[in-house]
Amino acid sequence: MIEIFGKTQCHNCSKAISAAKYYGKPYEYKNIEYKKYRDELCERINIFENDRMPYIFIRGSYIGDYSDFMNYMEGTQGGFGDQPF
């Protein structure tokens with residue numbers, strides 16, 4: 001399961017959701033504008049930077065932001081960079 005912690009109007013958050021859909025991976029989007037999700041995120045990572053969206057976890061392990069997520073997916077699924085959405 002992919003967990004995407006993000007906020008509305010976040011371009012990279014939308015791209016991460018699209019990538020999860022593209023790969024057919026189950027995901028859950030958690031909008032940190034809601035206190036319960038912001039608190040959950042802050043409990044799971046030491047440093048929360050509002051400008052580094054989204055925060056992505058796979059099977060409970062922190063992967064990073066959108067670019068880290070894409071690097072992970074390219075390394076495990078292959079060929080994402082040359083595929084259209």
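**Figure 1. Ile-4 stands opposite Ile-56 in strand S3.** The model shown is predicted. Ile-4 belongs to S1, which covers residues 2-6. On its other flank, Ile-4 has Tyr-29 of S2 as its bridge partner. S1 and S3 (residues 55-58) pair in the antiparallel sense, over four bridges. S1 and S2 (residues 27-31) pair in the parallel sense, over five bridges. Phe-5 of S1 also has a bridge partner in S3, namely Tyr-55.

**Figure 2. Strand S1 is mostly covered.** Five of its five residues are buried. Ile-2, Ile-4 and Gly-6 point one way from the strand. Glu-3 and Phe-5 point the other way. Both groups are buried. S1 also opens a β-α-β unit, followed by helix H1 (residues 11-22) and then S2. The unit is right-handed.

**Figure 3. Phe-5 and Phe-57 form an edge-to-face pair.** The structure holds four aromatic pairs. In this one, the ring centres are 5.6 Å apart. The planes meet at 75°, so the pair counts as edge-to-face, for which the angle must be over 60 degrees. Phe-5 lies in S1 and Phe-57 in S3, so the pair ties together parts that are 52 residues apart in sequence. Both residues are buried.

**Figure 4. Four rings gather in one aromatic cluster.** Its members are Phe-5, Tyr-55, Phe-57 and Tyr-62. Backbone bridges link some of these residues too. Tyr-55 in S3 is the bridge partner of Phe-5. Tyr-62 in S4 is the bridge partner of Phe-57. A charge joins the scene at Phe-57. The charged end of Arg-44 sits over the ring of Phe-57, 4.1 Å from its centre.

**Figure 5. Both faces of strand S3 are covered.** Tyr-55 and Phe-57 lie on one side. Ile-56 and Ile-58 lie on the other. All four are buried. S3 pairs with S1 in the antiparallel sense. S3 and S4 also run antiparallel, joined by three bridges.

**Figure 6. Strands S3 and S4 form a hairpin.** Two residues lie between the strands. Arg-59 sits in this turn. Phi of Arg-59 is positive, about 50°, although the residue is not a glycine. Most residues other than glycine have a negative phi. Arg-59 has a relative accessibility of 65%, so it counts as exposed, the cut-off being over 50%. Across the hairpin, Phe-57 has Tyr-62 as its bridge partner in S4.

**Figure 7. Gln-9 has a positive phi in the loop between S1 and H1.** The value is near 65°. Gln-9 is a residue other than glycine. Gln-9 has a relative accessible area of 85% and is exposed. The loop of Gln-9 lies between S1 and H1, two elements of the right-handed β-α-β unit.

**Figure 8. Helix H3 turns one face inward, with Tyr-66, Phe-69, Met-70 and Met-73 buried.** H3 spans residues 66-76. Seen down the helix axis, the buried residues fall within an arc of 95°, so they line one face of H3. Asn-71 and Gly-75, on the other side, are exposed. What covers the buried residues? The cover includes S1, H1, S3 and S4 (61-64).

**Figure 9. The whole chain follows the pattern β-α-β-α-β-β-α.** The protein has three helices and four strands. Of its 85 residues, 36% are buried. Among contacts with a separation of 6 or more, 55% are between residues 24 or more positions apart. The Phe-5 and Phe-57 pair links parts that are 52 residues apart in sequence.

Terms used
Residues numbered from 1 in each chain as written. Predicted model: local features only at pLDDT ≥ 70, side-chain atom pairs only at ≥ 80, totals over all residues. Heavy atoms only, no water. Buried < 20%, exposed > 50% of the residue type's maximum accessible area, 1.4 Å probe, protein only. Pairing = 2+ DSSP bridges. Right-handed = clockwise from strand over helix to strand, strands pointing away. Arc of directions from axis to C-beta. Contact = heavy atoms within 4.5 Å. Phe/Tyr/Trp six-rings, centres within 6.5 Å; stacked < 30°, edge-to-face > 60°. Lys NZ or Arg CZ within 6 Å of the ring centre and 35° of its normal.
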